[in-house]
Amino acid sequence: MNHNKTQESTWEHPGPGTRPDKVRASHLLVKHVGSRRPSSWKEAKITRSREEALEILDGFIEQIEGGASFAELARVNSDCSSAKNGGDLGFFGKGQMQKAFEEATFALQVDEMSGPVSTDSGVHIILRTG
């Protein structure tokens, strides 16, 4: 952007408070009977309740806060096919994920983990990685 009278550039590099167009995140998904597809690579038919899924997720949060590896827990426990990559979803922009997931991810700082986030897929914890 140029200043109208001087034609000098008035653009400044975005500061630390700005939000990027894309973020990178990993997640750990626990599906429940109300999930849009209540099956996964681990279980052909998921029958747990949403409350049970949240309890499981809370246990993972405690483990991670106690020093466990997010990626390793996701690799073994996530109901998403991204488990094979430690939960890594790569980079994504706005409009590419379910709204609640997107909003939670963009609100996080890099290396910050969310609390439980509910979507049509199930309940997640999200780690913003970029």
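The following legends describe close-up views of a predicted model.

**View 1. A patch of negative charge on the surface, with Glu51 as one of its members.** Six residues, namely Glu51, Glu52, Glu55, Asp58, Glu62 and Glu65, gather on the surface in this patch of negative charge. Glu51 belongs to helix α1, which covers residues 50-65. The relative accessibility of Glu51 is 51%, and it therefore counts as exposed, because the word exposed is used for values over 50%.

**View 2. The buried residues of helix α3 and the strands they pack against.** Helix α3 covers residues 99-107, and its buried residues are Phe101, Glu102, Ala104, Thr105 and Phe106. These buried residues pack against β1 (22-30) and β2 (88-93), and also against β3 (117-119) and β4 (122-128). Glu102, which appears again in the next view, has a relative accessibility of 7% and so counts as buried, since that word is used for values under 20%.

**View 3. Lys99 in salt bridges with Glu102 and with Glu103.** In the salt bridge between the side chains of Glu102 and Lys99, the distance from N to O is 3.9 Å. These two residues are three residues apart in helix α3, which means that about one helical turn separates them. The side chain of Lys99 also meets that of Glu103 in a salt bridge, with an N to O distance of 3.8 Å, and here the partners lie four residues apart in helix α3, again about one turn of the helix. Why can partners with such spacings face each other along a helix? An α-helix has 3.6 residues a turn, so residues three or four places apart point the same way. As for their surroundings, Lys99 counts as exposed at 54% relative accessibility, whereas Glu102 is buried at 7% and Glu103 is partly exposed, with a relative accessible area of 47%.

**View 4. The salt bridge between Arg48 and Glu43, and the network to which both residues belong.** The closest N and O atoms of Arg48 and Glu43 are 2.7 Å apart in this salt bridge. Arg48 is buried, with a relative accessible area of 14%, while Glu43, at 26% relative accessibility, counts as partly exposed. Through salt bridges that share partners, Lys42, Glu43, Arg48 and Asp79 are joined into one network. The structure as a whole holds seven salt bridges, among them the one between Arg48 and Glu43 shown here.

Terms used:
Residues are numbered from 1 along each chain as its sequence is written. This is a predicted model: local features need pLDDT of at least 70, side-chain atom pairs count only at pLDDT 80 or more; totals for chains, interfaces and linings use all residues. Side-chain values use heavy atoms; hydrogens and water are left out. Patches are made of residues with over 30% relative accessible area and no salt bridge: like charges are joined within 9 Å, nonpolar side chains (Val, Leu, Ile, Met, Phe, Trp, Tyr) within 5 Å. Accessible areas come from the Shrake-Rupley method with a 1.4 Å probe; for residues, only the protein chains shown count as cover. A salt bridge is a side-chain nitrogen of Lys or Arg within 4 Å of a carboxyl oxygen of Asp or Glu. Lys and Arg count as positive and Asp and Glu as negative; His and the chain ends are not counted. The place of a charge is taken as NZ of Lys, CZ of Arg, CG of Asp or CD of Glu. Buried means under 20% relative accessible area, exposed over 50%, partly exposed in between (1.4 Å probe, protein chains only). Contact means heavy atoms within 4.5 Å.
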